[in-house]
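This report goes through a single protein model under short headings, beginning with its aromatic rings and ending with its backbone geometry.

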Amino acid sequence: MDDRIKKIISEIDGFNAVTKEQVEIFRMKFLGKKSALADLFAEMKNIQPELRKDFGRMVNELKIKAEEKLNSFAGILEAGSDSGESETTDLSLPAEPHEPGARHPISIVRRRIIEIFSQVGFTVADGPEIEDDWHNFSALNFPENHPARDMQDTFFVGGKGGGISPASNSQDMALRTHTSSVQVRIMETSKPPIRILAPGRVYRNEAISARAHCFFHQVEGLYIDEGVSFADLKQTLLYFAKEMFSADTKIRLRPSYFPFTEPSAEMDISCNICRGKGCNVCKYTGWVEILGCGMVDPNVLENCKIDSKKYSGYAFGMGIERITMLKYQVKDLRLFSENDIRFLKQFVSS
Ligand code: PHE
């Protein structure tokens, strides 16, 4: 037995490696799974108990020796050369293809919306995604029993079981259902003139389909000053529609209802796909709805300690997904959150 170990030791001592392959041969021969060393370890259980300790010590020493020798070859591996000679870089080789990343289409459109409105004096404001009832609903003039507060639409946070639950008992905190909550926060803390945009993620308890999701993105706008009128709102939105879609885009406002604006309207743009001729995107009407808007209800101003006799304002809110779908003719809302690289790759330009 001793002889076998001695023989291996002399083999280790005599081994000389200059290439990576030789180092690998050494590693396999002396330390690999099928090496002489592995055989010796496997034999351990057959050795008589009184000899086993000595045998074990010798085999261990052998292993350490092999490892030390392997470590001494480290320089060869680091040199990075198969032949042992130093490598030169071949500058004539074609460069490795480098695929530039792409911005997410929602980010592209959000940036564009912000850019358009910042040209007419709007700045960006931010607020929390988990909101209290006051900022998401009460301050915005939602009546106590308004359907939007109910479990159909809102994810409430907390309550008995904890966590996020549409059926929670504690209805104080919720995932914001719109970024109008940010407008309330700004109105509470600043003095007019106020001209802000509130972009952000919002949540609604809806079944996921090609046209609806339980979370999406909005940009809402708010302008409060002395003498702000509906005409200002309309002109600003017309400017936006032309910048966002095309210079020949037309808008129309239809009367609508929101608790926080009076009067309220929904805005359609002339269908940018069929140019008014009729297609399945505009359902053959020539018009597609893109946002809600209106004059801020005096109750909301008063709730936020702004003098509604002195000041008036307008507000509007749009879904970024909706604008993106129209702009890029995306037919399924789910594509925005699936991270399918084949979809995302198509938006490399901006
Ligand atoms: N907050 C509304 C929504 O989420 C949009 C809106 C904002 C409507 C401002 C009017 C004025 O649907």
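## Aromatic rings

Two rings of Phe, Tyr or Trp, the six-membered ring being taken for Trp, are treated as a pair if their centres lie within 6.5 Å. In this structure, which is a predicted model, F117, F122, Y223, F240, Y314 and F316 form one aromatic cluster under that definition. The pairs counted by this rule come to 16, and among them is the pair of F258 and F260, whose centres are 5.7 Å apart and whose planes meet at 25°, an arrangement classed as stacked. F260 has a relative accessibility of 14% and therefore counts as buried, the cut-off for that class being under 20%.

A second pair, formed by F336 and F343, has its ring centres 5.9 Å apart and its planes at 65°; because planes over 60 degrees apart count as edge-to-face, the pair belongs to that class. Both F336 and F343 are buried.

## Domains

The chain is divided into domain 1, covering residues 2–78, and domain 2, covering residues 105–347. Between the C-alpha centres of domain 1 and domain 2 the distance is 71 Å.

## Helix contact in domain 1

Helix α1 (residues 2–14) and helix α4 (residues 49–72) have axes that come within 10 Å and cross at roughly 10°, and since angles under 35 degrees count as roughly parallel, α1 and α4 are therefore roughly parallel to each other. On the α1 side the contact is made by D2, I5, I8, I9, I12 and D13, and on the α4 side by M58, V59, L62, K65, A66 and K69. Sorted by class, the contact of α1 with α4 holds 8 nonpolar and 4 charged residues, with no polar residue.

## Helix contact in domain 2

For helix α6 (residues 105–118) and helix α11 (residues 320–328), the axes come within 9 Å and cross at roughly 100°. This angle falls in the range of 65 to 115 degrees that counts as roughly perpendicular, and α6 and α11 are therefore described as roughly perpendicular to each other.

The α6 residues P105, I106, I108, V109, R110 and I113 meet I320, E321, I323, T324 and Y328 of α11. The classes represented in the contact of α6 with α11 are 8 nonpolar, 1 polar and 2 charged residues.

## Cis peptide bonds

The peptide bond from P192 to P193 is cis, with omega near 5°, and P193 is found in the loop between α8 (180–189) and β6 (194–203). A cis peptide bond also joins E262 and P263, where omega is about -5°; P263 has its place in strand β9 (residues 261–270).

## Positive phi angles

Y284, although not a glycine, has a positive phi of about 60°, and this residue is found in the loop between β9 and β10 (287–296). With a relative accessible area of 61%, Y284 is exposed, since that class begins over 50%.

K305 likewise is not a glycine and has a positive phi of about 60°. The position of K305 is in the loop between α10 (298–303) and β11 (312–319), and at a relative accessible area of 75% K305 is exposed.

How values were computed:
Residues are numbered from 1 along each chain as its sequence is written. This is a predicted model: local features need pLDDT of at least 70, side-chain atom pairs count only at pLDDT 80 or more; totals for chains, interfaces and linings use all residues. Side-chain values use heavy atoms; hydrogens and water are left out. Domain bounds come from an automatic or database domain assignment. Axes are lines fitted to C-alpha atoms, for helices over the stretch in contact, and angles run from 0 to 180 degrees between N-to-C directions. Helices (H or I, at least four residues) and strands (E, at least two) are DSSP runs, numbered from the N terminus. Angles under 35 degrees count as roughly parallel, over 145 as roughly antiparallel, 65 to 115 as roughly perpendicular and the rest as oblique. Contact means heavy atoms within 4.5 Å. Ala, Val, Leu, Ile, Met, Phe, Trp, Tyr, Cys and Pro count as nonpolar, Asp, Glu, Lys and Arg as charged, and the others, Gly among them, as polar. Rings of Phe, Tyr and Trp (its six-membered ring) pair if their centres lie within 6.5 Å; planes under 30 degrees apart count as stacked, over 60 as edge-to-face and the rest as tilted. Buried means under 20% relative accessible area, exposed over 50%, partly exposed in between (1.4 Å probe, protein chains only).
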